[in-house]
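Let's take a walk through this structure together, one piece at a time. Have the model open beside you and follow along as each element comes up.

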Amino acid sequence: MNIHVPAPVAVREAGERFGHAHGRRLAFLHIPKTAGTAFGAALSQRFALAETQAGIRLGMTAGASHPQLAESAPHCRLIGVGAHLDRDKLDAIEAALPQGERLFTVTLLREPRARLISQYRHWRRSVDSSLASVPEAHREAFLAARNLPLGEFLTTGLAFVDRHFRNLQCCMLTGMSTAEMLDEAALLEAARASMAEIDVVGTTAAVDDALARIANAYGWAPPERIVRLNVAPDAPPPPFDDATEAAIEAFIGADLALYREAATGEATAPPPRRLHAFFRPGRALMDSLVDGSATHFTMADALHGRGWHVREGEAPGFARWTGPGLVSDIRLPAPAAQRVELALQLVSVLDWAVVEGAKLTLDGVVPAAPPRIQQREGSPWLVAGFDLPDAGNGLRDLRIEVPFTRSHAEIDPAIHDERQKGIAIGDITVLAAGAMRPPTLGALFWPGGDWAEAAPETLVDRLALARHEGEPPVVERHLGFDLPLMAAILDLVAPDHVWAAALQTQLSVLERGMPTARPSPGGRLAVVATLFELPARGAAIASLAARHEEAVLLLGCAEDHRLRALLANPLLVPHVHLVGCTNAVLVANLAAMRRAGGPELVNGFLLLLERIASTTPELVKPLRRETGTRFLMRLLDHSLAMLERLARGRLAGTALLQPLLPERAPGAEVRAEAVQARFATLQGQADTPLRLVDPPMLASITTLLGLLAERGPESEAGWEAAQAAYDRLFRMVGMLASWEAFGLEANGTAGLARRLAWQGGAPAILPKPLKPFSEYIDFYRAESRIMQRSGFAPGITLTLDSLGGGLDHVVRLNQAAREIELALRLLAKRFPEEEILWVDAGCSYGVLLNTVEPPPALRGRCRFLGFDFNAPGIAVARAAAANAGRDHCRFEVGDVAQAREIAGGARIHLITAFEVLEHCPDPLAVLRDYRAMEPGMLIAGSPLGEPQGVLPGEQHLWSFAAEGYAAMVAEAGFALLGVNRREVGRFIGGHDWVTVTATTGDPAAQAVI
């Protein structure tokens, strides 16, 4: 394929004066193998080194959504030198700049065939050492270039090759993520629109001309000629066969059309207007999503309106009177929502009839119901709800019309103020209102079978779940439970297409249909991903979802306290549901979201999900020190600020989201010494939730912050210490924030834990919840569904070592059985004439009840009764009892509180609860319920000393020391007989173990066990 090299690209006919771009930041959109290295080196000579270093830091692989862009961009003047920043990243950088500031953007194009061949040769020169630390997909592509001729290389079908060679110039001009779902015609149109916005476009054939144009724009002296850098020795390309030429032509179609059009200056049509960029969302919408869909206006703010008197009062309680006329207008910030609630703080009123007759309109719309008065924080507020025609643009016009005005002089002649006034108003809030969770699964997904009318909370109960076979897939957090759950959801709702959003993912086994076919086949789409795979994928997800009438996102590994705060936003509540499991799975109806709030709401939601993912410890850890320390130090600072707020009292969920929009409030530099001092102060405070945090976790943070302060974040040791400290602080903030949602403030066990902690020494009881209890229930229901589907052998029998779970589990069961046998022998002696009733709470498969043999003295006069909420487990227990002829054993689905009724009012002699209390929201309350049943004895056992803050959130809600476990049993009203602490974990692995034996009678009258 012989292509004539066109004339140099003509720079824009701007008619611009010399130096017109002076002071603007210069951004270089560097397309690989377009003489960019030499061009960038020439540009960098015009800037101070400190102004250009950040250019390398911005070339991150994490994607344009990464909030580090917003942290770094404002601190540099030359952007893109030393990196390959596409249009998406430049959009994200521009969005992070001060309001209204625009980048001066330049780029170079190259004849597409020559560029492709040059890049192929460059990849072939890659050395083994450069491939040692790159992902497997990258390494595979580079090795293919080294080992295959060009034609075979281009047709390998490797996604990484296709992404970096097919119309790369158009893709980078459009944005790599934005371009992913575009066909060639749409890609060319988008690239033309993007190029029309670039200030200087040059070619490799005329690099000096492009540099001269830039020099003229900035008012620099004429540049010297550019010396070529990073180029291979000149050599004519080898002759290619027809198949290779055809492969090249297939890879450069759009690039060639764009290059010819740019070179000749003859566009086939006026360049289209570039669409709203995914990475440059509307500020009002993002504020609404991060601030909980509430906006606040105080009279200390600038007033845009008419019909108001001057500001009165003192900070923070400023107010303004309406008047002197009857109508007052004001333009307010407002969330991007159609249903809103407006609240006006009434600071003063001269005549209450003015308030009663006041009329309100918002954008000319009257309230949906008459305004009402509410008392909030000691002040009356006038509150009204509005149903507006659209979601708006972040501003609303409020009109207040009063029936009459009065003056202070009319009320009290001693006051010499004759100004006519209506109502004195202080703060004004506008809140997105009326949000309700999806009422049915049909609303959460789409209309379908009989499942569509069920409530989302019953989703797990309708799934045909199967246990994952083999080793869990290796990702940031294991998917051994999440993957079967996501597969079962897809089987239930039956989408036409399933697309795994990540380029290399363990979820590709879930794909079906033709989700990315062009033209779009239509139908129902499900997008699957994990939270950690989202960075750089949001734009592609939004683009693909827009091509389908129905589209949902299933997001695994969604265990994140900030994600829960985001999902509470009224704009999102009607379209989302979180399914509890090992990691939590988010279901988000992107199509319904688009219908309610337009494409921008989908974009904003996905962009924030990307930023949540990018700031998880798992994805912060791979960041290199060379990317700059400012971002990591800001994350540490924010985590510490959240801990400080949690220590003082309640924390609004929206506060957790603030770091996701760092461009709103660029912060000062964070010093390591200050972070260390603040954490030390926080630890020294009394009566804070930190008293219920495991001391080793606190000690490790203290050590890490000390190392960070000593070495500094720029050192390797300091950098690693900062990353490790952030990981622990992140987990601690998530844990303490979850405690609020879990209701630990009114929790009896938490109250006991606090009292024990205040007595000094190591905490004896530690709370562990990391999510609402409803999500833990989802997990147990899912486990039950798996058991139900798995079934069991008809002739099943049980032994103490028949259920697996590891050696420690077998040891625990055998130890528990021995203690129960001793207790039964004692009870047989104490009650020689009674039928002994043993009730086992949380009996699971009934292993203990089915294996503990009644002592000889009890044979024929004992009953064993087991309870569990897991119906399939109870079915196994019943079958095993029947097969073993254990007629004295009975098993019921339900709560142990039913025992007295089922036993016909008989006395309960023994209650056991093994591996139960650590699963209960308030184990002290459970023990008190046991005590109210007046058993003769109690034996309870749980694991010892489990760590806090483990992600994903474990199913155990409490961690006990032996002393705390015993104190809890005593607090419930039992008299202790014995505490057995068995430290078996260090010898055989697994958990250490504690059991407590207690009685409701006089311990002195009991025989020693």
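A residue is called buried here when its relative accessible area is under 20%, and exposed when that value is over 50%, with partly exposed in between. Please keep in mind that this is a predicted model.

With that cut-off in hand, look at strand E4. Val200 and Gly202 lie on one side of E4, Val201 and Thr203 on the other, and all of these are buried, so both faces of the strand are covered. The alternation fits a general pattern: in a regular strand the side chains alternate between the two faces of the sheet.

Now step back to the sheet that E4 belongs to. Four strands make up this open, parallel sheet, in the order E2-E1-E3-E4. Strand E2 (78-79) and strand E4 (200-203) are at the edges, and each has a single partner strand, so one side of each is left without a neighbour in the sheet. Helix H1 (residues 36-44) packs on this sheet, where it touches E1, E2 and strand E3 (104-109), and the direction of H1 makes about 170 degrees with that of E1.

How are the strands joined? Strand E1 (residues 26-29) pairs with E2 in the parallel sense over two bridges, and alanine 27 stands opposite isoleucine 79 in E2. On the other edge, E3 and E4 also pair in the parallel sense, over four bridges. There, leucine 109 has threonine 203 of E4 as its bridge partner, and Thr203 is one of the buried residues you have just met.

A second sheet offers a contrast in direction. It is open and built from four strands in the order E6-E8-E13-E10, with antiparallel pairing. Strand E6 (305-306) and strand E10 (359-362) stand at its edges with a single partner strand each, so one side of each has no neighbour in the sheet. Within this sheet, strand E8 (residues 327-333) and strand E13 (residues 395-401) run antiparallel and are joined by seven bridges. Arginine 331 stands opposite aspartate 397 in E13.

Helices deserve a look too. Helix H4 (residues 87-96) is mostly covered, with ten of its ten residues buried. Among them are charged-residue names such as Arg87, Asp88 and Lys89, alongside Leu90 and Ile93.

Finally, turn to alanine 652, in the loop between helix H24 (630-648) and helix H25 (672-684). Is alanine 652 buried, exposed or partly exposed? Its relative accessibility is 40%, so it counts as partly exposed. The C-alpha atom of alanine 652 is separated by 9.1 Å from that of alanine 737, although the two residues are 85 residues apart along the chain.

Definitions and conventions:
Residues are numbered from 1 along each chain as its sequence is written. This is a predicted model: local features need pLDDT of at least 70, side-chain atom pairs count only at pLDDT 80 or more; totals for chains, interfaces and linings use all residues. Side-chain values use heavy atoms; hydrogens and water are left out. Two strands pair if DSSP finds at least two bridges between them. Buried means under 20% relative accessible area, exposed over 50%, partly exposed in between (1.4 Å probe, protein chains only). Contact means heavy atoms within 4.5 Å. Axes are lines fitted to C-alpha atoms, for helices over the stretch in contact, and angles run from 0 to 180 degrees between N-to-C directions.
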